[in-house]
Amino acid sequence: MSEKTALLLLQMGGPDSIDAVKPFLLNLFTDRDIMKIGPAFLQPFIARRIVKKRAPKVEGYYREIGGKSPIRELTEAQGRGLQELLGPGYRSFVAMRYSRPSTLEALSAIKKEGISKVVALSLYPHYSRATTGSSVNELQRILKESKVKFSVTYIDRYYDHPLYIEALAEKVQQGLTAFPDPKKVQIVFSAHALPQSFIDEGDPYLAHIQETVRLVMERIGDQAPHQLCFQSKVGKVKWLEPSTGDMMKSLAAQGCKDILMVPLSFVSDHIETLHEIDIQYAEEARELGIERFVRSESLNNSPRFLACLADLVQKAEK
Ligand SMILES: C=CC1=C(C)c2cc3[nH]c(cc4nc(cc5[nH]c(cc1n2)c(C)c5CCC(=O)O)C(CCC(=O)O)=C4C)c(C)c3C=C
Ligand SMILES: [Fe+2]
Ligand SMILES: [Fe+2]
């Protein structure tokens, strides 16, 4: 057995080609942790119908951002960066919830290297049972079936970690430099939405998001007005509000000309930054008469963000 520690990065994943869009969506819509549709035995059939209807639109979006999601490469690069920071005692692996490498593939790779100590590190800073909860459930199902026994430590939230806040604040400050008068800019934090029912049932996601926003604004010295809204709603049930689209309309109606969009919830680029914000909301902003619409960079391989992850791992191992 190796003395090394495996860093298992838990992420949602994304299609790595246009042909991979349907299987990705099917995995997502059959997962009852992210969305319960009808009784359990019917969900795979309903999911198939949803995917058939949704896939052409979503394939079009992926075509517009280069034919695939960059999330795998970006996550693997984060893993390499983290491994470099932590030193030779660590090896990073990626477990994608709905695409490859799957959690099973990641654990097989860890097993192959003879590693038994695992730190499972969620790449969702804000805990939700739809995201981290689902990845952890998948991991635990596989661990239960595994003949090899692993010792696993979990890092499932860090929405208020000082280095995470600094990393985000750095991106906001950088974004503000694109405007002639940063004080006039509306900083629009756009978090991933979640069905309201999750929050009503006690999911801490919204409270975590609100705390991140408060801490980032405190860190940058409350130098511009800011808003919190929610993007990427799917389906008909009630989701967290206000939506990012409605927020832009309301700001434009108040005469706002400068918006800095700050994506929250994600730690790397994918369809919801590269398409939803950079293409769809940017076009809406132009139509609404917003003169300057800028998105702050995603964290991706931000040295401060990687330092945050390294600190979390070191503390978890103590
Ligand atoms: C079906 C319900 C969904 C919930 C709830 C949800 C929550 C949620 N998602 C992310 C992060 C990501 N979502 C991504 C894609 C994606 N998500 C959903 C659905 C829900 N998400 C769908 C259907 C899709 C596919 C695209 C689409 O059909 O619109 C991705 C990855 C995409 C990529 O390009 O790599 C991420 C990452 C968070 C953080 C979150 C709740 C907090
Ligand atoms: Fe989404
Ligand atoms: Fe999502």
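This note describes a predicted model, with attention to its ligands and to its backbone geometry.

1. Basis of the model. Because the model is predicted, local features need pLDDT of at least 70 and side-chain atom pairs count only at pLDDT 80 or more, while totals for chains, interfaces and linings use all residues. Residues are numbered from 1 along each chain as its sequence is written, chains are lettered from A and ligands numbered from 1 in the order in which they are written, and side-chain values use heavy atoms, with hydrogens and water left out.

2. Surroundings of ligand 1. There are 27 residues around ligand 1, of which Met-12, Arg-54, Tyr-62, Ser-69 and Ile-271 come nearest; a residue is near if one of its heavy atoms lies within 4 Å. The shell comprises 18 nonpolar, seven polar and two charged residues. In this division, Ala, Val, Leu, Ile, Met, Phe, Trp, Tyr, Cys and Pro are nonpolar, Asp, Glu, Lys and Arg are charged, and the others, Gly among them, are polar.

3. Polar contacts of ligand 1 (pairs of N or O atoms within 3.5 Å). An oxygen atom of the ligand is 2.6 Å from a side-chain N or O atom of Tyr-62. A backbone N or O atom of Ile-271 lies 3.1 Å from a ligand oxygen, and a polar backbone atom of Gly-13 is 3.3 Å from an oxygen atom of ligand 1. The protein covers 97% of the 790 Å² of accessible area that ligand 1 has on its own, by the Shrake-Rupley method with a 1.4 Å probe.

4. Elements around ligand 1. Helices H1 (21-29), H2 (43-64) and H10 (271-287) each give two or more residues to the shell. The largest share, four residues, comes from H1. Helices (H or I, at least four residues) and strands (E, at least two) are DSSP runs, numbered from the N terminus.

5. Iron ions. His-192 (NE2) and Glu-272 (OE) are the protein donors of the iron ion (ligand 2), lying 1.8 to 2.3 Å from it. Donors are N, O and S atoms within 2.8 Å of the metal (3.2 Å for Na, K and Ca); water is not among the atoms, so sites may look incomplete. The donor pair links distant parts of the chain, with His-192 in strand E5 (residues 186-192) and Glu-272 in helix H10, 80 residues apart. The iron ion (ligand 2) and the iron ion (ligand 3) are separated by 2.6 Å.

6. Backbone geometry. Most peptide bonds are trans, and most residues other than glycine have a negative phi. Arg-100 and Pro-101 are joined by a cis peptide bond, with omega about -5 degrees. The bond from Glu-241 to Pro-242 is cis, with omega near 0 degrees. Ser-265 has a positive phi, near 80 degrees, and lies in the loop between strand E7 (258-263) and H10.

Methods:
Polar contact = N/O pair within 3.5 Å; in protein donor to acceptor, adjacent residues only side chain to side chain.
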